[in-house]
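Here are my notes for someone opening this structure for the first time. Keep the viewer open and follow the points in order.

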Amino acid sequence: MKDFIKFTVATVVGLLLTFAIIFVLSIITMVGVVSSDNAKTIVQENSVLNLNINGVIEERSKENPFSFLPVADKFDSTGLDEILSAIKNAKENKNIKGILIQAGIMSSGFASLEEIRAALLDFKESGKFIVAYGDTYTQGLYYLASVADKIMLNPQGLIEWRGLASQPMFYKDLLQKIGIEMQIFKVGTYKSAVEPFIATSMSEANREQVNVFLNSIWGKVCEGVSISRNIPIDRLNNIADNLTSMHKAEEAISCGLADTLIYKTDVRAYLKQLADIDEDDKIHLVSVSEMSNVEKSTPRDKSGNIIAVYYAYGEIDGQSSSLSGEQEGIISDKVAKDLRKLEKDDDVKAVVLRVNSPGGSAFGSEQIWYAVTQLKTKKPVIVSMGDYAASGGYYISCAADTIVADPTTLTGSIGIFGMYPNLKGLSDKIGVSFDMAKTNEMSDFGTTVRPMTESEKAFMQTHINNGYDTFLTRVSDGRNIDKVELDKIAQGRVWTGKDALNLKLVDVLGGLDKAIEIATAKAGIESYTLKNYPDTGSILDMFSNKTSDYIKSQIFKSELGKFYQPFRMLERVNKMDPIQARIPFELNIQ
């Protein structure tokens with residue numbers, strides 16, 4: 001019996017050691033793969049940058065630790081920074097003959113598309129070609145592809161061209177069915193983030209602001225396509241009204257949106273003709289990640305000067321989700337600490353704060369605002385706005401020396417609101433009751449198992465009013481706009497970057513490159529190294545306890561699609577900071 005136990009223990013120990021060795025070897029192998037991937041790309045002669053736009057465009061590129069898995073395509077995302085870098089490198093590289101835009105199915109805001117489009121227009125100045133191919137073009141991707149010299153379409157494909165719409169989702173009746181009442185407190189006629197909880201349709205004020213910014217974005221899109229394709233704007237609207245381009249592929253040719261019908265398998269032969277390559281010779285397609293990893297021809301900067309680009313994107317102080325376990329977005333404590341480090345770093349001569357946020361916690365926004373004001377006393381701070389920089393996203397931006405926004409950026413929304421759920425109806429439905437003992441009249445303030453009293457409601461509304469006044473003061477001081485005049489364009493109203501420029505809420509129209517250019521000029525330096533913050537971490541983070549969170553979040557995002565954010569919001573609403581400075585939870589422009 002003793003021998004049997006010894007043999008069993010030895011076997012178990014042997015298996016554990018074997019698994020441990022395999023695990024360590026796996027890590028070493030992964031590190032080797034990562035090191036190999038980080039080697040600089042060598043671009044061969046007769047190469048074309050393959051701009052395959054598919055999946056989700058994020059603000060920053062990040063490693064996909066599961067790229068080797070069969071389900072890796074569920075986690076597809078591309079960093080805007082990586083795309084812009086690839087296009088810039090392609091322009092400078094002598095072995096790149098041109099760019100092929102491959103239109104897929106993509107999720108992105110129009111401001112991100114606008115930055116890519118501007119980079120493509122800059123690329124065209126090199127004299128190299130740009131062509132686009134798609135089985136189907138969504139409106140956003142067609143806007144991007146319209147800069148191409150030739151637009152190719154599958155003979156059975158179509159170009160979506162129908163105008164813009166926004167379709168908010170409302171939860172009032174759902175919450176009522178399960179016995180939940182949302183008690184709302186807000187300031188701002190146009191502060192529509194609360195409407196899904198208390199209404200079944202848009203208010204007139206919200207409908208007005210949505211129509212204004214949709215028409216502003218659509219006007220910019222039509223203007224760009226009109227110039228690139230030489231089609232009058234009236235004609236483009238007529239095509240949209242009649243869905244002309246969606247009838248048959250031939251209609252897209254006849255109305256001027258596309259140039260030729262071609263099957264995907266024939267695209268390479270077409271590229272060889274453009275690149276003046278013999279039919280028997282090979283043409284090399286270089287991916288975005290490969291092209292962004294090409295060693296630059298410019299010598300390494302030795303000045304020691306740093307222009308810091310700090311990325312702040314997502315909700316401000318969003319709670320982790322029980323759907324995915326993932327904590328996403330801007331964590332105010334971390335951002336404030338990071339900005340303080342940049343303030344104290346003498347090598348950092350200026351900071352570009354890249355903001356892509358719909359807002360979030362009003363308290364968290366205030367902490368970041370203060371960190372920006374402190375940083376500003378030591379060095380220039382330039383804000384570059386992405387798809388959104390609204391409400392809390394505008395709050396953290398308003399103190400900057402200069403604010404740069406894309407024409408289609410959604411910004412402003414200067415207003416706040418508070419929400420407290422009343423779960424009394426739910427308690428009654430499921431047969432749960434509560435009692436209370438307290439020392440003071442307001443001891444149980446904030447409880448969710450009964451409706452608020454009139455005194456409590458009055459206190460909450462005063463608190464919200466004070467918060468709005470603070471927000472107005474921050475913007476008034478930062479933008480040097482009279483507070484009374486500011487209130488007229490605030491009221492929670494969302495503006496596009498183009499309209500915000502006229503209202504003096506932003507200073508310059510442009511993308512991240514423009515913001516960096518301004519930062520360099522304000523810092524008074526010519527030589528510098530561009531560094532991105534915060535550190536995104538390495539692929540080895542996949543072995544941390546956050547791995548399962550990452551997998552769950554990506555699967556939920558993939559499976560739920562556009563319903564991910566509404567579901568995530570509903571299951572987190574009781575965990576959020578009750579005072580919010582943000583635009584609607586799901587602002588879906590399609």
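1. Some ground rules first. Two strands count as paired if DSSP finds at least two bridges between them. The helices (H or I, at least four residues) and strands (E, at least two) are DSSP runs, numbered from the N terminus. This is a predicted model, where local features need pLDDT of at least 70 and side-chain atom pairs count only at pLDDT 80 or more, while totals for chains, interfaces and linings use all residues. Residues are numbered from 1 along each chain as its sequence is written, and side-chain values use heavy atoms, with hydrogens and water left out.

2. Let's start with a small sheet. Four strands make an open sheet, ordered β6-β15-β19-β11, with antiparallel pairing. The edges belong to β6 (181-187) and β11 (359-361); each has a single partner strand, so one side of each lacks a neighbour in the sheet. On average, and with direction ignored, neighbouring strands here are turned by 25° against each other (axes are lines fitted to C-alpha atoms, for helices over the stretch in contact, and angles run from 0 to 180 degrees between N-to-C directions).

3. Now walk across that sheet. β6 and β15 run antiparallel and are joined by seven bridges; Val 187 has Ile 416 of β15 as its bridge partner. Next, β15 pairs with β19 in the antiparallel sense over two bridges, and Phe 417 has Gln 580 in β19 as its bridge partner. Finally, three bridges tie β11 to β19 (residues 579-582), again antiparallel, with Gly 360 partnered by Ala 581 of β19.

4. Is β15 buried or exposed? Seven of the seven residues of β15 (residues 416-422) are buried, so the strand is largely enclosed by the rest of the structure. (Buried means under 20% relative accessible area, exposed over 50%, and partly exposed in between, with a 1.4 Å probe and protein chains only.) Ile 416, Gly 418, Tyr 420 and Asn 422 point one way from β15, while Phe 417, Met 419 and Pro 421 point the other way, and all are buried.

5. Don't skip Glu 315, in the loop between β9 (306-313) and α12 (332-344). Glu 315 is buried, at a relative accessible area of 14%. Glu 315 and Gly 360 sit 45 residues apart in sequence, yet 5.3 Å apart in space, C-alpha to C-alpha.

6. For a contrast in pairing, look at β1 (residues 47-58). Nine bridges join β1 to β3 (residues 96-107), and these strands run parallel; Val 48 stands opposite Gly 98 in β3. β1 also runs parallel to β8 (residues 284-286), joined by three bridges, with Leu 49 opposite Val 286 in β8. Three more parallel bridges link β1 to β2 (residues 77-79), where Ile 57 stands opposite Thr 78.

7. How much space lies in the second largest pocket? About 510 Å³. (On a 1 Å grid over the protein atoms alone, a cavity is a set of points where a 1.4 Å probe fits but cannot get out, and a pocket is an open set with protein on both sides within 12 Å along at least five of seven lines; lining residues have an atom within 4 Å of a point.) Grid points are joined across faces, edges and corners, and the volume is the space filled by probe spheres set on the points.

8. The second largest pocket has 28 lining residues, with Glu 114, Glu 115, Arg 117, Ala 118 and Ala 119 nearest its centre. The elements giving two or more residues to this lining are α2, α3 (110-124), α7 (204-229) and α19 (512-523). The biggest share comes from α3, with nine residues.

9. Two of those helices pass a simple length check (expected span is 1.5 Å times one less than the number of residues). The 13 residues of α2 (residues 80-92) should span 18 Å, and the end C-alpha atoms are 19 Å apart, which agrees. For the twelve residues of α19, 16 Å is expected and the end C-alpha atoms are 16 Å apart. Just after α19, Gly 524 takes a positive phi of about 70°.
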